[in-house]
Amino acid sequence: MHHFALTRADNMVLSAVLAEIADAYDTIENRDLIRRAPVFAKQLPAHFLEFLEEFRIGEPSALCLVSGLAVDEDRLGPTPTHWRNSQFGSPSFPQEIFFLLCASVLGDVFGWATQQEGRIMHDVLPIKGHEHYEIGSNSLQHLSWHTEDAFHPCRGDYVALMCLKNPDLVETVVCTVADIDWSRLDVDALFAPEFTVMPDNSHQPADGAASSGDPAVDKLRARSFNLIKSWNEHPEPRPLLFGDRGDPYMALDPYHMDSRGWSERAQQAFTGLVDTIEANLRPVVLRPGDCLFIDNFRTVHGRKAFQPRYDGSDRWLKRLNITRNLRGSRAWRLAADDLIIY
Ligand SMILES: NC(=[NH2+])NCCC[C@H](N)C(=O)O
Ligand SMILES: O=C(O)CCC(=O)C(=O)O
Ligand SMILES: [Fe+2]
């Protein structure tokens with residue numbers, strides 16, 4: 001794991017930088033703040049910027065952990081019961097800004113019109129009623145391992161998690177391409193465009209809001225949800241591995257895959273890959289003040305089951321999607337500088 005432990009001295013420098021930015025903006029969803037994040041990021045210590053840049057371009061590891069960001073648990077107050085409206089008056093605004101600045105060094109942050117009301121920074125927290133549903137806000141049921149947004153051609157290069165609370169040390173689980181012995185798998189079959197991945201539940205209309213208040217946006221969002229529906233019914237065949245055959249990138253989400261209709265060889269190659277990943281999953285426990293940048297091309301991740309508390313002390317993470325190729329999704333966005341994929 002590529003790891004940077006922020007020191008007390010680092011935190012002293014950061015708290016001044018973050019407080020100044022926090023004073024100038026109202027919410028992490030403020031588009032001017034997000035737009036200026038790459039410029040603000042230049043105020044991060046140079047040795048820290050070098051560390052992030054090395055992760056981006058050198059690919060020394062598929063996981064990058066920045067630990068030790070100061071989090072005042074008392075200031076945080078209770079964990080929200082839902083992600084809706086948590087972006088307003090946020091007690092973790094300085095930490096959210098730090099998280100955004102780091103992400104902006106790795107690429108461009110973006111959001112999905114179909115997910116958490118088109119917000120850029122998501123909450124990952126247990127929601128009442130979702131306990132046994134396959135979604136990030138479940139709890140009693142484990143979250144199946146997956147590539148983030150595996151079904152979508154515009155999926156992020158990185159998915160990042162910042163931990164605010166994790167009182168029961170619930171384990172996130174990961175498996176990276178480096179953990180896999182590719183010589184034992186049918187790599188050629190996995191590079192063939194013969195596999196189908198359906199959209200996950202976090203993109204289903206039931207989890208979106210009623211109306212945005214803007215008819216043009218509502219119309220686009222409706223188009224987007226229709227696309228999700230059609231991909232559910234007729235997923236497009238594509239490969240599970242891509243890039244270099246000796247050191248591949250991967251994109252899969254077995255919970256949302258149905259192997260009926262695939263060739264015998266594709267099915268066997270898929271089963272081999274899934275079994276290998278299952279055998280190599282390992283835990284990463286996020287602690288308050290940890291920011292984990294997961295290379296979404298080289299890692300699958302999930303989360304163990306846990307008992308939700310619903311008393312304000314629940315596990316609470318923030319999440320960002322990051323792309324290194326924003327232009328790749330231009331056909332799906334309203335404008336060059338609009339960060340929402342419809
Ligand atoms: N196997 C899956 N893809 N499960 C859903 C993953 C969680 C989803 N990314 C969310 O925001 O809730
Ligand atoms: O809760 C975690 O540790 C991971 C969450 C996750 O993977 C997701 O929400 O997509
Ligand atoms: Fe995820």
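Two strands are taken to pair if DSSP finds at least two bridges between them. In this predicted model, strand 5 and strand 12 (residues 299–303) are joined by two bridges and run antiparallel. Within this pairing, Leu143 has Arg303 of strand 12 as its bridge partner.

Strands 5 and 12 belong to an open sheet of four strands, arranged in the order 5-12-7-10 with antiparallel pairing. The edges of the sheet are formed by strand 5 and strand 10 (282–285), each of which pairs on one side only. From one strand to the next, the twist averages 25°. In general, the strands of a sheet pair through backbone hydrogen bonds, in either the parallel or the antiparallel sense.

Both senses of pairing occur for strand 3. With strand 13 (residues 316–323), strand 3 pairs in the antiparallel sense over three bridges; here Phe110 has Asn321 of strand 13 as its bridge partner. With strand 14 (residues 340–341), strand 3 pairs in the parallel sense over two bridges, and Gly111 stands opposite Ile340 of strand 14. Strand 3, which spans residues 108–112, is mostly covered, five of its five residues being buried. The cover extends to both faces of the strand: Asp108, Phe110 and Trp112 are buried on one side, and Val109 and Gly111 are buried on the other.

A further buried position is found in the loop regions. His130 is placed in the loop between strand 4 (122–124) and strand 5 (143–146). This residue counts as buried because it has 20 C-beta neighbours inside 10 Å, and the cut-off for a buried residue is 20 or more. The C-alpha atoms of His130 and Leu140 are 8.9 Å apart in space, while the two residues are separated by 10 residues in sequence.

The helix packing was examined for two pairs, each of which includes helix 5. The axes of helix 2 (residues 31–40) and helix 5 (residues 93–106) come within 8 Å and cross at roughly 70°. Because of this angle, helix 2 is roughly perpendicular to helix 5, angles of 65 to 115 degrees being counted in that class. The crossing of helix 2 and helix 5 is right-handed. For helix 3 (residues 46–58) and helix 5, the axes come within 9 Å and the crossing angle is roughly 50°. Helix 3 and helix 5 are therefore oblique to each other. The crossing of helix 3 and helix 5 is right-handed.

Two ligands were considered. The shell around ligand 1 consists of Glu134, Ile135, Gly136, Leu143, Ser144, His146, Glu148, Asp200, Ser202, Asp253, Tyr255 and His256. By class, three of these residues are nonpolar, five are polar and four are charged. Ligand 2 is surrounded by Val124, Gly136, Leu143, Glu148, Leu161, Thr172, His301, Arg303 and Leu317. In the shell of ligand 2, four residues are nonpolar, three are polar and two are charged. Gly136, Leu143 and Glu148 appear in the surroundings of both ligand 1 and ligand 2. Leu143 and Arg303, the bridge partners described above for strands 5 and 12, are both among the residues around ligand 2.

Note on methods. Residues are numbered from 1 along each chain as its sequence is written. Chains are lettered from A and ligands numbered from 1 in the order in which they are written. This is a predicted model: local features need pLDDT of at least 70, side-chain atom pairs count only at pLDDT 80 or more; totals for chains, interfaces and linings use all residues. A residue is buried if 20 or more other C-beta atoms lie within 10 Å of its own, exposed if 12 or fewer, and partly exposed in between; C-beta atoms are placed from the backbone. A residue is near a molecule or strand if its C-beta atom, placed from the backbone, lies within 6 Å of it. Ala, Val, Leu, Ile, Met, Phe, Trp, Tyr, Cys and Pro count as nonpolar, Asp, Glu, Lys and Arg as charged, and the others, Gly among them, as polar. Axes are lines fitted to C-alpha atoms, for helices over the stretch in contact, and angles run from 0 to 180 degrees between N-to-C directions. Angles under 35 degrees count as roughly parallel, over 145 as roughly antiparallel, 65 to 115 as roughly perpendicular and the rest as oblique. A crossing is left-handed if the near helix is turned anticlockwise from the far one by less than a right angle, and right-handed if clockwise.
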